Amino acid sequence: MIKKLLVAIMIALPALGFAQSKFGIVNSEAIFQDLPEVKSATEQMQAAQQKLEAEYKNLTDEFNKKYEELQKLTDDTPQVIRERHTNDMQTMSQNIEKFRDNATQDLQRQQQQLFAPIQQKVVDAIQAVGKENNFTFIFENGTSVYVGSDVVDVTPLVRTKLGI
């Protein structure tokens, strides 16, 4: 009997501590999108992407021009000239593929450099709100199936913390 009572007390103790916990939810994506730094970073990314797309178009236009030149060669064109054109096209094709791969990597690196500090700013603000308001947990909004009435939406507090 005493063992059952001790087990019941041991089970109840964590539940009592859990009942005193304070939970919050936050929509960090909405906060992130509202930051002025995001607009600036997005514009920088779009400008970089447009420059890379223009360069890619120049490369493919040059390749297509070379291809047309190769198609215009007649049967009486010496084999050496045909091989040179074919080799040039193969080299250009490899360079275009390499450019595309490097451009993709460059855009990903630039995106990381531009957006990582902004994301960290949002995380820091959420953590500060959590500490200041004694939250036990703050969950990302949208991942829960049910949110009880005692859960606080801290999104407005984080917005205030960030000055937006």
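# A guided tour of a predicted model

The protein contains five helices and three strands. The model is predicted. In sequence order the elements follow the pattern α-β-α-α-α-β-β-α. Of the 164 residues in the protein, 24% are buried. Among contacts between residues at least 6 apart in sequence, 83% join residues at least 24 apart.

## Stop 1: the sheet

Begin by selecting β1 (residues 23-26), β2 (137-140) and β3 (152-153). These three strands form an open sheet in the order β2-β1-β3, and their pairing is parallel. β2 and β3 stand at the edges with a single partner strand each, so one side of each is left without a neighbour in the sheet. In general, the strands of a sheet pair through backbone hydrogen bonds, in a parallel or an antiparallel manner.

Now look at the two pairings of β1. Four bridges link β1 to β2 in the parallel sense; for V26, the bridge partner in β2 is E140. On the β3 side, two bridges join the parallel strands β1 and β3. Select G24 there to find V152 of β3 opposite.

Which residues of β1 are buried on each side? F23 and I25 are buried on one side, and G24 and V26 are buried on the other, which leaves both faces of the strand covered. As a rule, side chains in a regular strand alternate between the two faces of the sheet.

## Stop 2: helix α3

Next, select α3, residues 36-72. At 1.5 Å a residue, its 37 residues should span 54 Å, and the end C-alpha atoms are indeed 54 Å apart. Colour V38, A41, M45, A48, L52, T60, K66 and L70, which are buried in this helix. The buried residues of α3 pack against α2 and α4. An α-helix has 3.6 residues a turn, so residues three or four places apart point the same way.

## Stop 3: contacts between α3 and α4

Select K66 in helix α3. With a relative accessibility of 19%, K66 counts as buried, because the cut-off for a buried residue is under 20%. Apart from its neighbours within four places in sequence, K66 is in contact with R84, H85, D88, M89 and M92.

One of these contacts, H85, is the next residue to select; H85 is located in helix α4. Is H85 buried or exposed? H85 is buried, with a relative accessible area of 8%. When residues up to four places away in sequence are set aside, H85 touches K66, E69, L70 and L73.

Continue along α4 to L107. L107 has 17% relative accessibility and counts as buried. Its contacts, again without residues up to four places away in sequence, are M45, A48, Q49 and L52. Select the C-alpha atoms of L107 and Q49: these residues are 58 residues apart along the chain, yet the two atoms are separated by 7.2 Å.

## Stop 4: the largest nonpolar core

Select F115, I118, V122, V158 and L162, the residues with the most contacts inside the largest nonpolar core, which has 23 residues. The elements that give two or more residues to this core are α2 (28-34), α3 (36-72), α4 (79-132) and α5 (155-162). The largest share, 10 residues, comes from α4.

What does F115 touch beyond residues up to four places away in sequence? F115 is in contact with F32, V38, A41, T42 and M45.

## Stop 5: where α4 meets α5

Display α4 and α5 together. These helices pack at an angle of about 115 degrees, and their axes are 9 Å apart. The crossing of α4 past α5 is right-handed. To see the residues that meet, select K121, V122, A125, I126, A128, V129 and E132 in α4, and L157, V158, K161 and L162 in α5. V122, V158 and L162 have already appeared among the residues with the most contacts inside the largest core.

## Stop 6: the loop after α4

Finish at N134, in the loop between α4 and β2. N134 counts as exposed, at 60% relative accessibility. Inspect the backbone of N134 as well: its phi angle is near 55 degrees, a positive value in a residue other than glycine.

Note on methods
Residues numbered from 1 in each chain as written. Predicted model: local features only at pLDDT ≥ 70, side-chain atom pairs only at ≥ 80, totals over all residues. Heavy atoms only, no water. Pairing = 2+ DSSP bridges. Core = buried A, V, L, I, M, F, W, Y, C linked by side-chain atoms within 4.5 Å. Buried < 20%, exposed > 50% of the residue type's maximum accessible area, 1.4 Å probe, protein only. Contact = heavy atoms within 4.5 Å. Expected span 1.5 Å × (residues − 1). Axes fitted to C-alpha atoms, helices over the stretch in contact; angles between N-to-C directions. Left-handed = near helix turned anticlockwise from the far one by under 90°.
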